[in-house]
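Hello,

Here is the structure I promised to pass on to you. Please have a look at it first, and then read on for what turned up when I went through it.

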Amino acid sequence: MIITNELSKSFHNLEVLKKIDLQVNAGEVVAVLGPSGSGKSTFLRCLNGLEELTGGRMTVSGIVVDTKQSKKERAKQIQKIRLHTGMVFQQFNLYPHKTVLQNVIEALLVVKKWNKEKAIEKGENLLARVGMIEKRDEYPSRLSGGQQQRVAIARALAMEPDIMLFDEPTSALDPELVDEVLNVMKQLAKDGMTMVIVTHEMQFAREVADRIVFMADGIIYEQADPEKFFTNPDTERAKKFLKMI
Ligand code: ADP
Ligand code: MG
């Protein structure tokens, strides 16, 4: 579902991602862990085209983006990738002037040009899936952070992405609201969604991820199954990280 080959990203002379090689298979749940500033968000943003690669290539949902392609070709590929990936951010970014349901169906109406009835039916199904159907006509400001984040997940799912990317989806939440969001993600994982999750929720990563990717200083230091990573990591860098959390 995802293959990156020497994927690199610099901002001017700051090298943030250094030749990242990663493969994620269909239905796999990968948790990306690592200290702050190590390039985790930048990596996710590259995967769905919010940032341009400055070196290497990637294939996302079968669509190739290569720094050797012309700018025009690359832009076309990134457009396609956007339609196949859903992203959920730390800040929920819901449209404040739209209701919960309107937020969820917006892309179906505007991008997919569905008629309203069909979009509403789909939207209601998605809201039921994340436990938010009772709030369909509420505005985001009237919801808790956990509720807003569940709506954001439903909104991302509306486009039927092949891959869901999560960037610290629970970091902005009060502790008592974290579980309701993690539970929705757990269900999504059970349903077979391919997921890449940047998170500081170690217990969740251990329980739900098929694989841990440990990133620091723009490099993947190690990849391992969760039990191995949390009990006996290979690298000193990972040992140091685990001691600090
Ligand atoms: P993480 O998500 O692991 O905390 P980030 O990917 O957000 O790390 O950031 C990695 C590095 O890239 C940091 O040094 C950050 O300051 C830098 N960075 C991120 N985005 C930009 C940007 N748009 N312009 C310049 N530097 C950036
Ligand atoms: Mg980040």
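One definition before the rest: contact here means heavy atoms within 4.5 Å. Please also keep in mind that this is a predicted model.

**Helix 4 and its surroundings**

With that definition in hand, helix 4 is a good place to begin. The buried residues of this helix pack against helix 3 and helix 5 (145-158). Which residues of helix 4 are buried? They are Ala-119, Lys-122, Gly-123, Leu-126 and Leu-127. Looking down the axis of helix 4, you will find these buried residues within an arc of 140°, so they line one face of the helix. Glu-117, Glu-121 and Asn-125 are exposed on the other side of helix 4.

The length of helix 4 checks out as well: its 14 residues, at 1.5 Å each, should span 20 Å, and the C-alpha atoms at its ends are 20 Å apart, which agrees.

Lys-122 deserves a second look. This lysine counts as buried because its relative accessibility is 16%, and the cut-off for buried is under 20%. The side chain of Lys-122 meets that of Glu-160 in a salt bridge, at 2.4 Å from N to O. The pair links distant parts of the chain, 38 residues apart: Lys-122 belongs to helix 4, while Glu-160 sits in the loop between helix 5 and strand 7 (163-167).

Just before helix 4 comes Val-111, in the loop between helix 3 (100-110) and helix 4 (116-129). Val-111 has a relative accessible area of 48% and is partly exposed. Together with Leu-83 and Val-110, Val-111 makes a nonpolar surface patch of about 250 Å².

**Two residues in helix 5**

Helix 5 holds Val-151, and Gln-148 lies there too. Val-151 is buried, with a relative accessible area of 0%. Leaving out residues up to four places away in sequence, Val-151 touches Leu-94, Val-100, Asn-103, Val-104, Met-132 and Leu-143. From Val-151 to Phe-230 there are 79 residues in sequence and 32 Å in space, C-alpha to C-alpha.

Gln-148 also counts as buried, at 16% relative accessibility. With residues up to four places away in sequence again set aside, Gln-148 touches Phe-92, Leu-94, Pro-140 and Leu-143.

**A buried arginine in helix 2**

Arg-74 is part of helix 2 (residues 71-84). Is this arginine buried or exposed? Its relative accessibility is 12%, so Arg-74 counts as buried. Apart from neighbours within four places in sequence, Arg-74 is in contact with Glu-52, Leu-53, Val-65, Asp-66, Thr-67 and Gln-69. Gly-49 is 25 residues from Arg-74 in sequence, and their C-alpha atoms are 9.7 Å apart in space.

**Helix 9**

In helix 9 (residues 236-244), the buried residues are Arg-237, Ala-238, Phe-241 and Leu-242. Seen down the axis of helix 9, they fall within an arc of 130°, so they line one face of the helix. The face turned away from this buried side carries the exposed residues Glu-236, Lys-240, Lys-243 and Met-244. What lies over the buried side? The cover for the buried residues of helix 9 includes strand 3 (29-33), helix 7 (202-208), strand 9 (211-216), strand 10 (219-224) and helix 8 (226-231).

**More salt bridges**

How many salt bridges does the structure hold? There are 19, and besides the one at Lys-122, a few others may interest you.

The side chains of Glu-207 and Lys-186 meet in a salt bridge, at 3.2 Å from N to O. Glu-207 lies in helix 7 and Lys-186 in helix 6 (residues 178-190), so this pair ties together parts that are 21 residues apart in sequence. Glu-207 is exposed, with a relative accessible area of 52%, whereas Lys-186 counts as partly exposed at 25% relative accessibility. Elsewhere, Lys-9, Arg-45 and Glu-51 are joined into one network by salt bridges that share partners.

Arg-136 and Asp-137 also form a salt bridge, with their closest N and O atoms 3.2 Å apart. Arg-136 is partly exposed, with a relative accessible area of 24%, and Asp-137 is exposed, with a relative accessible area of 51%.

Happy browsing, and do write back with any questions.

Best wishes

Key:
Residues numbered from 1 in each chain as written. Chains lettered and ligands numbered in written order. Predicted model: local features only at pLDDT ≥ 70, side-chain atom pairs only at ≥ 80, totals over all residues. Heavy atoms only, no water. Patch = residues over 30% accessible without salt bridge, like charges linked within 9 Å, V, L, I, M, F, W, Y side chains within 5 Å. Areas by Shrake-Rupley, 256 points an atom, 1.4 Å probe, with all protein chains shown as cover. Salt bridge = Lys/Arg side-chain N within 4 Å of Asp/Glu carboxyl O. Helix = DSSP H or I, 4+ residues; strand = E, 2+ residues; numbered from the N terminus. Buried < 20%, exposed > 50% of the residue type's maximum accessible area, 1.4 Å probe, protein only. Expected span 1.5 Å × (residues − 1). Arc of directions from axis to C-beta.
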